[in-house]
Amino acid sequence: MAPSSYQPPTRGDKAETSTRSQSVDSNLSHSQTTVAKLLEGKGNAVFSVRPNDTIHSVVNTLKEKKIGAVLVTDQNGALQGILSERDIVRRMADTPGQTLPQSVEDLMTREVKTCAPDDPLNDVLKTMTEGRFRHMPVLADGALRGVITIGDVVHFRLKELEYEALRMKQMIVG
């Protein structure tokens, strides 16, 4: 027995007319959004330090810039590593009272996962989630083009969803 809300098609109904609130295309359209699109709105500012800088100077940079990580570059701007708040806190637990004078190169992560401007945001988000890190440098032709955070990706996607919802609402009303 069919539910009472079900109305079978009747003569005169247009079988070829259908509506769809969701489709594979609409649900996955954001998967084609790239890192470059996110950087267009965010900008490409990169805060970097040198390997021989002290952790004390990095802590001040993180505080002043209100950021959670810095890239480590050489004098030519080539990526050497990354250093996050989490790295510093872990070292502080291991060397209490002796961490701030240590050098960046002693704490930095040398094997840095990077992405390219053409990479889909979904792929980058997956890499960050699986790797359990929140900051990813963007490289193009070997040069730094920016840094994206997991927060940037989530914020960007929320804005996309808000825009999609507004568009659908306008389509329904209009």
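## The sheet

In this predicted model, three strands make up an open sheet with the order 1-2-3 and mixed pairing. The edges are taken by strand 1 (48–49) and strand 3 (79–84); each has a single partner strand, so one side of each is left without a neighbour in the sheet.

Strand 1 and strand 2 (residues 69–73) run parallel and are joined by two bridges. Ser48 has Leu71 in strand 2 as its bridge partner.

## A helix on the sheet

Helix 3 (residues 55–65) packs on this sheet and touches strand 1, strand 2 and strand 3. The direction of helix 3 makes about 130 degrees with that of strand 2.

## Packing of helix 6 and helix 7

Two packed helices are described by the angle between their axes and the distance between the axes. For helix 6 (residues 121–131) and helix 7 (residues 150–173), the axes come within 10 Å and cross at roughly 140 degrees. Helix 6 is therefore oblique to helix 7, since angles over 145 degrees would be required for the pair to count as roughly antiparallel. The crossing of helix 6 and helix 7 is left-handed.

On the side of helix 6, the contact is made by Leu121, Leu125, Met128 and Thr129. Helix 7 contributes Ile150, Val153 and Phe156. Of the residues in this contact between helix 6 and helix 7, six are nonpolar, one is polar and none is charged.

Technical notes:
Residues numbered from 1 in each chain as written. Predicted model: local features only at pLDDT ≥ 70, side-chain atom pairs only at ≥ 80, totals over all residues. Heavy atoms only, no water. Axes fitted to C-alpha atoms, helices over the stretch in contact; angles between N-to-C directions. Helix = DSSP H or I, 4+ residues; strand = E, 2+ residues; numbered from the N terminus. Parallel < 35°, antiparallel > 145°, perpendicular 65-115°, else oblique. Left-handed = near helix turned anticlockwise from the far one by under 90°. Contact = heavy atoms within 4.5 Å. Nonpolar A, V, L, I, M, F, W, Y, C, P; charged D, E, K, R; others polar. Pairing = 2+ DSSP bridges.
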